[in-house]
Amino acid sequence: MAGVFRSAHRRIRSSYSKILTRRLWRRHCSPSQSTIISTSLFTRSFVSAANPKSTFDAITLRVLRNEIEYQSDYAPPHLPAMRFNSFAVEDRPGMQWITLKGKFGDTEDIKIEATMFDGCKSVPKLGDDIDGEEDLRLHSSVLVDISKRDGSDYLEFVCSAWPDSLEIQKLYVLKRDRMLSRPYMGPDFRELSSEIQTEFREFLAERRIDKELAVFLHEYMMNKDRCELIRWLATVKTFVER
């Protein structure tokens, strides 16, 4: 599980974040301001000691304040949901994933861990007047652990959450110490027969782990992404102000 999240974190600097950075720069820095910033990098050593805040710092602070105000006003984050169906949602500020915990019947415990957006893929935009334009479909990695309360082995599903679907990628049988109970890792889920794939999708759907969960996760992560961005911008601003 830890390897999945470490891999997800390495992919977080995807085209999604690059697009966001370029958008921030265009929104707050005109060409003339860009020249000022570039020039200030070579002249800040000559700034008078009586003026501890350089031109670069002043412009940086203004950009940060403008972005915080823009993010707070244009698409203000809302209070995150505490539950999804029968699952309780656990979210710690500053972390790049959330945890959902629930039960199924009297014998099963379910834990779902989902990353913030860790990837994306381009798809053609729909419409008559947008030839050649593309949209981004954001991706979250999801782990689903289903265990019996008798202490036996449990199932772990490795899934991909897209805006409108939840796809199973892998299925493991694990011991309580999180080691594989058998050395064979199992096939790629998509290599299984369609009948087996259908049965496991229905197995998860019966436990409310389905398209509805994927939609919830994307809405939740869009909001968390804004919360974390505003928090990060505020932290950087505080550092520059010191």
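Start by selecting Asp109, which is partly exposed at 27% relative accessibility (buried means under 20% relative accessible area, exposed over 50%, partly exposed in between, with a 1.4 Å probe and protein chains only). This is a predicted model, in which local features need pLDDT of at least 70 and side-chain atom pairs count only at pLDDT 80 or more, while totals for chains, interfaces and linings use all residues. Residues are numbered from 1 along each chain as its sequence is written, and side-chain values use heavy atoms, leaving out hydrogens and water.

Now add Lys103: its salt bridge with Asp109 has the closest N and O atoms 3.2 Å apart (a side-chain nitrogen of Lys or Arg within 4 Å of a carboxyl oxygen of Asp or Glu). Lys103 counts as exposed, at 55% relative accessibility.

Next, select Arg207 and Glu108. Their closest N and O atoms are 2.8 Å apart, in another salt bridge. Arg207 sits in the loop between helix H5 (194–206) and helix H6 (211–241), and Glu108 in strand E4 (residues 108–115), so the pair links parts of the chain 99 residues apart (helices, H or I, of at least four residues and strands, E, of at least two are DSSP runs, numbered from the N terminus). Both residues, Arg207 and Glu108, are buried.

Keep Arg207 and add Glu206: these side chains also form a salt bridge, at 3.7 Å from N to O. Arg207 has 7% relative accessibility, whereas Glu206 is exposed at 52%. Then select Asp91, Lys224, Glu228 and Arg231, joined into one network by salt bridges that share partners.

Finally, zoom out: the whole structure holds 14 salt bridges, and the chain has 6 helices and 8 strands.
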